[in-house]
Amino acid sequence: MEFVKSDGLPIHIRSWCRDVEDTAMVQAENLARHPALRHFVALMPDCHCGIGMPIGGVIAAKDAVIPAAVGVDIGCGMIAVETDIPSEKLEDMRLRRAIHTRIRELIPVGDGNRHKEPQTWDGFAEYLDTPGVDTQFVTSLDRQNLGTLGGGNHFIEIQKSDSGFVWLMIHSGSRNLGKRIEEVYQEKAMQLCERFYSPLPCSDLAFLPIQEEAGHNYFRDMNFALKYAFENRQRMMTKCKEVLAEFVPEVNFLREVNIHHNYAAFEEHFNETLCIHRKGATSAKLDEIGIIPGSMGTASYIVRGLGNPASFMSCSHGAGRRMSRTVACNTLNVDECNEAMKGIVCDRWHPVTRYGKGRKVLDLSEAPQAYKDIEDVIASESDLVEVQVRLTPLAVIKG
C-alpha cells in the first residue's frame, strides 16, 4: 500500500496508486463521504478518473448498490487460455498475420460491428422467463452483439509466456446491454435519493437500497449482463481456438480463466455482509486466479490472489490510463507509437475526428504510451497478488 488518507473523512482512503490524479482523488473523497459506504475506499495501482467513481476503485456498501460504481460496461472482463504450443511455432510474422486476419474475419470488431444474424443462447430465454423482467434488455441488437469484441480498449491478443508457450487473451464485456442497464437504474437511483432526501456528495453516486424493488431488480439485471459478458468472451475465445487449431493442428488447450472486473457482489468482509463494488478492479481472494492485462504492446499477467482484507481482497484490472484519449491523440508521436509495436502483428492507427477537436487525427488513444507502466502497477500490488505467468504480445486485434 502506498498511502492512507483520512483527514476529515468519515471513512479513510487506502491507495496502492502512488500518484492519484486530482480528479480521481476528488471522486475518492466523495466516496469516503457517501452515506451507504463502510470501512474504507480502496484505490488500486491502475486508478484513474471515471464517472462518479475512479476506475480501479473498490468500495463496500451496506444494504445498497451504486450503479455508477459498477459502471456502464457491466461485466467487462478478461478471458485467457494457455496452450502447449512453443512460441517458436509462431516466429514467422506472416503466419501470425494470417491468424490475425482469420480471427478478424470470424469475430466482428469495433463499435457498431455485429453479427448479421441474431445469435442463439439459452441465457436469453432463462432471463425472459423470470417474472417481472424488463424485456427492453433483450433486443435484436443484444442478440447480434453476442460474440463480438466492441471498441475502445477491448482486444484480442496472441501472447507468449516467459517460459516459451503461446496463450490467447480477450478483453471485452456486455457490449451495449450493460450500458442500457446502468442508464435505466442510474435514473431510478437519482429519483429515489431525491425522494428520500438522501445526502449525496455527488449526484453520480446515487444509490439503490437493496430492500427497494429497484435495488432488487438492478441486481437481477446486472447479473444477467454478467452472464452475457461471460458468454460473449467464451464465444470469441472458442473462435480464436478454432483459428489457432487451423494453423497449428497439434495444439492442445490447457487451463482457461474467465473473470469480470466491473461488477457488484455480496461478500463477507469484517464479519458482515457487504455489497462489494469493483469498478475496473479484479477479485483477488486467496488462491483465486486473475488476469491483469497491460496496454497494447506491453506485458500482461496471470496472477494468484493473496486474499488481502486491506483491499476487500481485490487487485488492479490492468495498467490504467495515464492520459485521456483526446490528449493521447493530440500529443503522442506516431513514430514512437509505431516503434512501441515493433515485432507485433497489429492493425495500424486509423484517422478519427472525435478526439481531434473537429479535425482528423490518428487514433493513438490505445498506444502503450497512453497507459501507466504495467511493471510498476504489478510491483505496487505485491501484497495483493502473486505473479504466476508473465505474457508478452505476438499479435493484437484492437476494438
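User: Is glutamate 366 buried or exposed, and how do I read that?

Analyst: Happy to help! A residue counts as buried when its relative accessible area is under 20%. In this predicted model, glutamate 366 has a relative accessible area of 7%, so it is buried.

User: Where along the chain does glutamate 366 lie?

Analyst: Look in the loop that connects strand S18 (361-362) with helix H9 (374-380).

User: Which residues does glutamate 366 touch?

Analyst: Leaving aside residues up to four places away in sequence, glutamate 366 touches Gly152, Asn153, Met296, Arg321, Arg325, Tyr371 and Lys398. With arginine 321, the two side chains are joined by a polar contact of 3.2 Å.

User: Let's turn to the sheet. In what order do its six strands run?

Analyst: Follow the sheet from one side to the other: the order is S1-S2-S3-S4-S12-S11, in an open sheet with mixed pairing. An edge strand pairs on one side only, and here those are strand S1 (3-5) and strand S11 (262-269). From one strand to the next, the twist averages 20°.

User: In which sense do S11 and strand S12 pair?

Analyst: S11 and strand S12 (residues 272-279) are antiparallel, with eight bridges between them. For one pair to find on screen, take tyrosine 263, whose bridge partner in S12 is arginine 278.

User: Which strands does helix H6 touch?

Analyst: Helix H6 (residues 213-247) packs on the sheet and touches S11 and S12, with its direction at about 115° to that of S11. Helix H1 (residues 22-32) lies across S1, strand S2 (12-15), strand S3 (40-48) and strand S4 (55-61), and runs at about 160° to S3.

Note on methods
Residues are numbered from 1 along each chain as its sequence is written. This is a predicted model: local features need pLDDT of at least 70, side-chain atom pairs count only at pLDDT 80 or more; totals for chains, interfaces and linings use all residues. Side-chain values use heavy atoms; hydrogens and water are left out. Two strands pair if DSSP finds at least two bridges between them. Helices (H or I, at least four residues) and strands (E, at least two) are DSSP runs, numbered from the N terminus. Axes are lines fitted to C-alpha atoms, for helices over the stretch in contact, and angles run from 0 to 180 degrees between N-to-C directions. Contact means heavy atoms within 4.5 Å. Buried means under 20% relative accessible area, exposed over 50%, partly exposed in between (1.4 Å probe, protein chains only). A polar contact is a pair of N or O atoms within 3.5 Å; within protein, one must be able to donate a hydrogen and the other to accept it, and residues adjacent in sequence count only if both atoms are side-chain atoms.
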